[in-house]
Amino acid sequence: MLADGLYKHADSVNELLARYGVKFGIYKNGEFKEQLFPFDIIPRVISAEDFNFLERGLKQRVKALNEFIRDIYSKRQIIKDKVIAEEFIYSGSGYLVQCDGVTPPKNIYAHISGIDLVQGKNKNWYILEDNLRIPSGASYPMIARDLCRKGVPEMFEENRIEDNRNYAELLRKTMEYVNTGGLSVILTPGRFNAAYFEHSYLAEQTGAHLVTCDDLTVENENLYFIDYSGKKEKVGAVYRRISDEYLDPVNFYRESLIGIPHIFDIYRKGNVALINAPGNGVADDKGIYYFVPAMIKYYLGEEPILQNAPTYLPYYEDDMKYVLENFDKLVLKDVAEAGGYGVVFANKLSKQEKENFITLLKSEPRRFIAQEVIDFLDLDIYEDGQPVPRKADLRAFVLMADEPVVWKSGLTRFSRNPDSFIVNSSQGGGFKDTWVLKSK
Amino acid sequence: MIRRLQYLYHMSLKFELPVHEHHFKLRCFPSTDARQKIFNEHIEIYPVHFRSTEKDSFGNTCVYGTANQTHDHFSVDVEGEADIDINKKLTDEEYKTGIFKYETPLTKAGTTIRKFHLELESASLFANNFERAFYMMNMLYDDFSYVQGVTGISTTAEEAFDLRRGVCQDYAHILLAMCRLERIPCRYIAGMIPGEGATHAWTEIYNEGEWRMLDPTHNRECDDTYIKISSGRDAKDCSINQGVFYGGGRQTQEIKVKVSEL
């Protein structure tokens, strides 16, 4: 029933996605290649009750993370109270000293958060990772839903599925809420960026201008958009899809060939909103992840609703002892890496590799976290005419205006390799739509 | 006792080919703090189309702006007077000093510094951070020679120590690298001292609630003739000019400093 109706559209939807340019660019061996982001027709379905629980947990988590970023760049109360080890902040690559003492418009740092979760075989949800810099991926379930609705409209009439096409509206509100007066724009590094499809799609859907750095200029303490005719218009919010270091060559990485000189100086003065705020990396580091449950208690005085995957910090002696005693059953992650790189499953190591790794771990304990391997709940994907189980995660999107709002959908990513736990699109994974059911 | 000093700071850039759309961010203006009071300050920047002032995260005064018109020469002149009171302390609460405890790319101790550091006397023999840092400064001074032209602005502490030669920036970076191995909060200071020449660099060591200045190039604690321009984790945080422009080819920078007692 549900599946049959969709199966016959699997090929046509993928063809349409290809035609719309739903692609993912990756750099491999120094070469830029665009590849299609394979779409699986079988949606992940989340019940209203389940989603309600996730929603409460995600709002709580993002509120606490936002408070944390604000605290770290202002009073540093959490360090003073020794709830968090300062070394993980100041030795981490995510902390940007330039942001110290800077207050962003409306005190919002994490405007758009992408929180990665997995569901275990025990049906419990676990947070895997917080992405507070430039989380990408919302456009994929948006366009896939749109195409599926065209193919099988009756499916969406018969099932009580939350419409996910409101993402653009949520994003527009998020930008408008912090806008300091003027246009809202989406800043893309250009068409060779891995997520260019998304930048252009979101611009089209929100009605924001899609701009590159060359279209923006700082004059007299304000940011302006210069259109093709040379006309200047003031910009009040920039949803920038370009990382902190390349944002402003007179304030960050000076060799950067892109960027807008002085944009950070006027941001510091409160004359423009940058979405997300620069410096957010301090809160989504794999080492900081360990402290998020403590942050929730510290800032909100609440018990965490959503759990972390059980995590150990070899930096602490007790944790190191546990890690060494239980090494073979753990997964180790390099805190400086992202995108599924720097992840080591201890049981896959040879004897020699294991010895080498332990030596490295002992000499640089701060560099790694260790986690219990979560036995993910497999989701079916449709392959060669039949459903087969694969590992999958869920990226939930939380958008913050006056209050955080959880988008009633999300990007479900799966591993195409039956033996792999790594679902990242940069490693060749695919995606599914995520259906949230309406409450009865 | 307050000492009054007069200072002149000049920086110029010459471009081989004309530049335009020149965006600059300058950090070469002494600021008033607990120890030094700046007055009668005069700043001249040429050419300039727009300029604005701000304090960076370390409290350093910055002037940023643009020079739109085509030019092959850019200059900054700063003059002013400083009253320095050596009895006034620069204080901070301990939890605010974390940023200065950990290595940066320029102050990372590699094998050479680590080896040297291991051979020092045990830290437990010293009463406090200041005495410990003072001792490390003495040891560094004995094993390092002031030589110009062998290191550059992006030379790391480890590279300079490998050469055992360098200038004030290198002395400061190496001392910071050693202090940070022991998690002693310490920072890099760019500034000026009496006489004519270039800018100088030294360090501040956090000791029992206050920052104390050590000048490893001269192997001494700083007195009231040192005018601070900026502070940060290392020389990069204190960079005098971060600019971008179109055109230019090769560029030559000239810096002249003059400090005299009034």
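**Exercise 1. Find which residues B:R187 touches, leaving out those up to four places away in sequence, and describe its setting.**

Step 1. With contact taken as heavy atoms within 4.5 Å, B:R187 touches B:L90, B:D92, B:F100, B:L176, B:R180, B:W202, B:T203, B:E204, B:W211, B:K228, B:S231 and B:G232. The model is predicted, so that local features need pLDDT of at least 70 and side-chain atom pairs count only at pLDDT 80 or more, whereas totals for chains, interfaces and linings use all residues. Residues are numbered from 1 along each chain as its sequence is written, chains are lettered from A and ligands numbered from 1 in the order in which they are written, and side-chain values use heavy atoms, with hydrogens and water left out.

Step 2. B:R187 sits in strand β9 (residues 186–192) of chain B, where strands (E, at least two residues) and helices (H or I, at least four) are DSSP runs numbered from the N terminus.

Step 3. B:R187 counts as buried because its relative accessible area is 9%, the classes being buried under 20%, exposed over 50% and partly exposed in between (1.4 Å probe, protein chains only).

Step 4. The side chains of B:R187 and B:E204 are joined by a polar contact of 2.6 Å; such a contact is a pair of N or O atoms within 3.5 Å, of which, within protein, one must be able to donate a hydrogen and the other to accept it, and residues adjacent in sequence count only if both atoms are side-chain atoms.

**Exercise 2. Describe how domain 1 and domain 2 of chain B meet.**

Step 1. The domain assignment, whose bounds come from an automatic or database source, gives domain 1 as 2–86 + 240–261 and domain 2 as 90–232. Their C-alpha centres lie 25 Å apart, and the contact takes 24 residues from domain 1 of chain B and 22 residues from domain 2 of chain B.

Step 2. About 1900 Å² is buried between these two domains, with carbon and sulfur atoms giving 63%; buried area is the accessible area (1.4 Å probe) that two parts lose on being put together, summed over both.

Step 3. The rule finds 2 salt bridges across this interface, a salt bridge being a side-chain nitrogen of Lys or Arg within 4 Å of a carboxyl oxygen of Asp or Glu. B:K228 and B:D33 meet through their side chains in a salt bridge (3.9 Å, N to O). There are also 7 residue pairs in polar contact between the two domains, both residues at pLDDT 80 or more.

Step 4. On the side of domain 1 of chain B that touches domain 2, β1 (2–29), β5 (71–85) and β16 (251–261) each supply at least two residues, and β1(B) gives the most, with 7 residues.

**Exercise 3. Describe the interface between chain A and chain B.**

Step 1. Here 25 residues of chain A are in contact with 30 residues of chain B, and the buried area is about 2300 Å², of which carbon and sulfur atoms give 50%.

Step 2. The rule finds 3 salt bridges across the interface of chain A and chain B, and the side chains of A:E87 and B:R183 meet in a salt bridge at 3.2 Å, N to O. Residue pairs in polar contact number 22, both residues at pLDDT 80 or more.

Step 3. The elements of chain A that give two or more residues to the side touching chain B are α4 (77–80), α5 (86–90) and α10 (263–268), and α5(A) gives the most, with 3 residues.
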